[in-house]
Amino acid sequence: MRWANKADIGAIRRVLAANAADTSLFQQSARRIRRDLDDFVIATEDGRPVGCAALHRHTRANAEILAVAVEPVAHSRGVGALLMRACLTEAARSGATFVWLATAKPEYFARYEFRPMTKWTLPPRVVLRKFRLVFEQPGRRWVPALLGRHTFMRLTVAPDSGVPTPSQ
C-alpha cells in the first residue's frame, strides 16, 4: 500500500476501466487523476498495482472517499479493505472529522460504520463538484446518478478514536 505518484496515472485508469461494468463506479479522465493525484492510494501485489482509492479533502475537516476499485482478478483478497483502511487512517491523521462517500453499495461501506445521510448535508460547492463529475461520465450514467442511484454516507471520525475495521 502506498500513495500514488505520476507513474501510477495509467495504472489508476486501468483499475477503474477494469471495473467499467460497475456503473456505480465513476470513471476519471487522466487529466482529473493527474490533478488529484495526491488523493490516491495504490494497492499492489508483487509490485503491480491492483487497486486504488482516493481521499479528497474538501476542507480540513471534510474528506470524501471515492474511486475505490480493485481489479477483478484481485477481488475477495481483502484489497478493498486495505484501501479503505488507508483512506480512513489518513483522514484521521490529517484531522478530518467528517468523512463521506457516495455509493450504490451501501451495505459494503456500512461495514466501516458509514451511515446514510442526505447529500444536502454537504456544502453547496461540494455538491456542485459531484454534479460536475456526473457529467464527465458517459451519458447513460447521468440519469441514474442524478436520480438517486447513489446513497450518500458519512462517518464521524473522533480524534484519536482509531480507524473502524470492517465488520463481517
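The largest cavity in this predicted model has a volume of about 40 Å³. The structure holds one cavity of 30 Å³ or more. Its lining is made up of Gln28, Arg32, Asp36, Asp39, Phe40, Ala54, His56, Leu66 and Arg129. Sorted by class, the lining of the largest cavity has four charged residues, three nonpolar and two polar. Rolling a probe the size of a water molecule over the atoms shows where empty space is left.

The largest pocket is another place to look for such space. About 800 Å³ lies in this pocket. It is lined by 39 residues, and those closest to its centre are Leu25, Val68, Thr103, Lys105 and Phe109. Several elements each give two or more residues to this lining: strands E4 (62–70) and E5 (98–103), together with helices H3 (79–93), H4 (106–110) and H5 (124–134). Strand E4 supplies the largest share, seven residues. In the lining of the largest pocket, 23 residues are nonpolar, nine are polar and seven are charged.

Strand E4 also leads to the next part of the structure, as E4 pairs with strand E3. The two strands run in the antiparallel sense and are joined over six bridges. They form a hairpin, with four residues between them. One pair of facing residues can be located in the model: arginine 57 stands opposite alanine 63 in E4.

Strand E3 covers residues 48–57. How much of this strand is buried? Eight of its ten residues are buried, and the strand is thus described as mostly covered. In a regular strand the side chains alternate between the two faces of the sheet.

E3 has a second partner in strand E2, which spans residues 40–45. Again the arrangement is antiparallel, and six bridges join E2 to E3. Here threonine 44 stands opposite proline 49 in E3. E2 and E3 form a hairpin with two residues between the strands, and in this hairpin aspartate 46 takes a positive phi near 55 degrees.

Taken together, E3 pairs with E2 through six bridges and with E4 through six bridges. Strand E4 in turn brings the reader back to the largest pocket, where it gives seven residues to the lining.

Note on methods
Residues are numbered from 1 along each chain as its sequence is written. This is a predicted model: local features need pLDDT of at least 70, side-chain atom pairs count only at pLDDT 80 or more; totals for chains, interfaces and linings use all residues. Side-chain values use heavy atoms; hydrogens and water are left out. On a 1 Å grid over the protein atoms alone, a cavity is a set of points where a 1.4 Å probe fits but cannot get out, and a pocket is an open set with protein on both sides within 12 Å along at least five of seven lines; lining residues have an atom within 4 Å of a point. Grid points are joined across faces, edges and corners, and a volume is the space filled by probe spheres set on the points. Ala, Val, Leu, Ile, Met, Phe, Trp, Tyr, Cys and Pro count as nonpolar, Asp, Glu, Lys and Arg as charged, and the others, Gly among them, as polar. Buried means under 20% relative accessible area, exposed over 50%, partly exposed in between (1.4 Å probe, protein chains only). Two strands pair if DSSP finds at least two bridges between them.
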